[in-house]
Each structure stands twice: as C-alpha cells, then as structure tokens.
Amino acid sequence: MTPQQEQTLRELHDRQQILDCVHRYCRGVDRFDRDLVLSVYHPDAIDDHGAFVGGREAFVDWAFAYHKEHQISHHHMVFNHSIELDGDRAHSETYWLFFGENRSKPNTLAIGRYLDRFEKRDGRWAIAARVCISECVNDLAETSLP
C-alpha cells in the first residue's frame with residue numbers, strides 16, 4: 001500500500017469513527033442508555049444545549065430527566081454530516097431532527113445542528129465540546145390514520 005493510500009484509509013477510518021460516535025449519541029439518548037451516551041464524550045467535555053451548559057455527567061442527568069418528564073417517546077435522527085480533520089482534532093457539523101411524542105399535546109418536531117469538536121485521545125475519537133443549535137421548533141398535530 002502506498003503512503004497516500006495509507007493516509008486515505010486512516011482518514012476514512014477516522015471519519016467513520018466520528019460518525020459512529022454521533023450515531024451512538026442518538027441511540028443512547030433515545031434508549032436512556034447512560035453508559036452509551038457517556039461513551040461519546042471525553043471525561044472533560046462540555047455540552048452546550050442552550051438550556052443546559054456543563055459536563056457530560058450533568059448533561060446526561062439533565063437530558064434524561066427532561067425527556068422522562070416531557071415525552072412518552074422521543075427520536076433523535078441525524079442527516080447531513082461534514083467533518084474537517086486536523087490531525088487528532090476534528091470539527092463536525094451534523095444536521096439533526098427531533099420528534100417528541102409529548103405527554104401534553106401537541107407533539108414536537110424540531111430541527112437543528114450539532115457543532116462538535118472531536119479529539120482523538122489514546123486512539124479513541126470522542127466529543128470534547130458540543131454546541132447544539134435549535135433552528136426550528138414546531139408543534140405537530142396528531143393525525144388519524146386508517
């Protein structure tokens with residue numbers, strides 16, 4: 001394998017590890033899997049979700065309490081995902097969509113972006129800092145289906 005091919009393979013592997021981390025976040029939050037959500041952050045990471053800014057442990061406590069209080073079920077989905085690699089650092093932007101089946105109607109449909117700084121430490125990519133930007137939050141009326 002040529003040095004260029006090795007570099008390309010390493011970059012593709014890094015990109016996939018970062019995307020897998022974003023997917024683990026969504027899966028962990030939707031399933032209330034504390035360990036899975038914690039695994040996407042470095043221990044000293046900061047998450048800025050607008051209504052909450054703080055470390056990973058406190059963030060998980062806040063997020064899980066919020067969803068348990070306000071939703072019967074909820075789904076975090078991600079779409080467009082771009083990454084700028086810079087050695088053992090990377091910056092990514094990920095478009096997200098959130099659906100919440102709320103305890104008090106109407107339901108919620110929201111969209112936004114995660115702006116993440118990833119760092120590779122001891123061979124593991126994880127979030128060092130996240131800003132969650134909500135760009136649109138809508139009420140969603142229920143529809144009767146046959």
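Two exercises with worked solutions follow.

This is a predicted model, in which local features need pLDDT of at least 70, side-chain atom pairs count only at pLDDT 80 or more, and totals for chains, interfaces and linings use all residues. Residues are numbered from 1 along each chain as its sequence is written, and side-chain values use heavy atoms, with hydrogens and water left out.

**Exercise 1.** State how many residues the largest nonpolar core has and which element gives the largest share.

Step 1. A nonpolar core is a set of buried Ala, Val, Leu, Ile, Met, Phe, Trp, Tyr and Cys residues joined through side-chain atoms within 4.5 Å. Buried means under 20% relative accessible area, with exposed over 50% and partly exposed in between (1.4 Å probe, protein chains only).

Step 2. The largest such core has 27 residues, and W96 and F118 are among those with the most contacts inside it.

Step 3. Elements giving two or more residues to this core include α1 (3-30), β4 (89-102) and β5 (107-121). Helices (H or I, at least four residues) and strands (E, at least two) are DSSP runs, numbered from the N terminus.

Step 4. α1 supplies the largest share, 6 residues.

**Exercise 2.** Find which residues stand opposite L115 in β4 and β6.

Step 1. Two strands pair if DSSP finds at least two bridges between them. β4 and β5 pair in the antiparallel sense over 12 bridges; β5 and β6 are also antiparallel, over 15 bridges.

Step 2. L115 in β5 is the bridge partner of E93.

Step 3. In β6, V131 stands opposite L115.
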